[in-house]
Amino acid sequence: MFRAYELEKALDTPAKIYYKYEGVSPSGSHKPNTAIAQAYYNRQEGVKRITTETGAGQWGSALSFACQHFGIECEVYMVKISYEQKPYRKIMMNTWGATVHASPTNLTQAGRQILAENPDSPGSLGIAISEAVERAVTDDNTKYALGSVLNHVLMHQTVIGQEAVIQMEKAGDLPDIVVAPFGGGSNFAGISFPFLRLNLEEGKNIRCIASEPSSCPKLTRGVFRYDFGDTVGMTPLLPMYTLGHTFVPAPIHAGGLRYHGAGVVVSQLLRDKLIEAVAHDQVECFEAGIMFARAEGIIPAPETNHAIATAIREAEKCKQEGVSRTILIHLCGHGHFDLGAYENYLSGNLVKHEITSAEIEAALAKIDTPMID
Ligand SMILES: *Cc1c(COP(=O)(O)O)cnc(C)c1O
């Protein structure tokens, strides 16, 4: 946990800004908090191989690291666009002994089906999940592990917020606002749930804000209903905010946020207005990330930049209103493997991408799963 004094100065804001940094883990993000636990329990069960998907490569790296530690084989289906944008993430996984495939592949029924429809598919987390799940259900010694969305993953990640509550106490402060980027909800839940407990049990009034990309806005523009967690429809149905399980987000750089759905518990909390959500365009996010890097020295992951963009908006509001609030940012990962995205931004090639209402309606119209209420 750090106080972002230099960012406060750069923004000339009366707000106090803190950040909790998870980029110091071996794989560079919060993901090992659940990867280690999942690999451990699989080892206890005698599992020989684990399959998984990865978007930006963060989850695949974390699980490769954890599997290697517990002597389990790891097979990773990596979204093709990220596989091409981030070769070093793949090498990192290989270094920890994992096998990595660019998804969609020809190795599974699900992958072949997608490729038949669209041979140039950039892939998506939903497709990669279908492939990894299919491999696990067709082999007795293989299990599938998910890096976000599910309740056990969110619970493992709450170690972040439990530490953060104590660290804020040590700093003699309490956040008015907690912000975290939102892909499937694990890092957001991880940092915010222990603070939500203070709201629910101790009458505190801490705003917890999830930051998502405007090109994949399931929380701010999706619908709450039953949907599949994967593209092909192999997972159980989950009641959640979704853009539809066949939705393929634009190939923006924040690969970890290119997911159509959201965790069940976070979805219900949003529906009950106990948390908030906002969306940011990728250009605003990179402006925020570069400002943060120049002020605080850490180069954040593109996903993380969404939370920084929200924090900057809130800090600017404090300035306009002439009030001081305490803002806690979840700095969930570093961007050392995302420098291609930074290069894109710095050379002026990163474009705004806002999804149109027509595109959203078309995606939602394709959902054929049960409505809620
Ligand atoms: C995976 C990842 C995310 C998005 O996933 P959540 O489950 O929503 O946390 C965000 N930031 C980073 C750095 C990630 O690795």
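How do the residues of the lining of the largest cavity divide into nonpolar, polar and charged? The legends below start there. This is a predicted model, where local features need pLDDT of at least 70, side-chain atom pairs count only at pLDDT 80 or more, and totals for chains, interfaces and linings use all residues. Residues are numbered from 1 along each chain as its sequence is written, and side-chain values use heavy atoms, with hydrogens and water left out.

**View 1. Lining of the largest cavity.** The split is 13 nonpolar, 14 polar and three charged, with Ala, Val, Leu, Ile, Met, Phe, Trp, Tyr, Cys and Pro as nonpolar, Asp, Glu, Lys and Arg as charged, and the others, Gly among them, as polar. Domain 1 (2–27 + 157–365) and domain 2 (32–144) each supply at least three lining residues; their bounds come from an automatic or database domain assignment.

**View 2. The Phe2 and Tyr19 rings.** Ring centres sit 5.2 Å apart and the planes meet at 25°, so Phe2 and Tyr19 are stacked (rings of Phe, Tyr and Trp, its six-membered ring, pair with centres within 6.5 Å; planes under 30 degrees apart are stacked, over 60 edge-to-face, the rest tilted). Phe2 is partly exposed at 42% relative accessibility, while Tyr19 is buried at 4% (buried is under 20% relative accessible area, exposed over 50%, partly exposed in between; 1.4 Å probe, protein chains only). Ring pairs also bring Phe292 into a cluster with these two, Phe2 and Tyr19.

**View 3. Tyr40 beside Tyr41.** Here the centres are 5.3 Å apart with planes at 70°, so the Tyr40 and Tyr41 pair is edge-to-face. Tyr40 is partly exposed at 34%; Tyr41, at 52%, counts as exposed.
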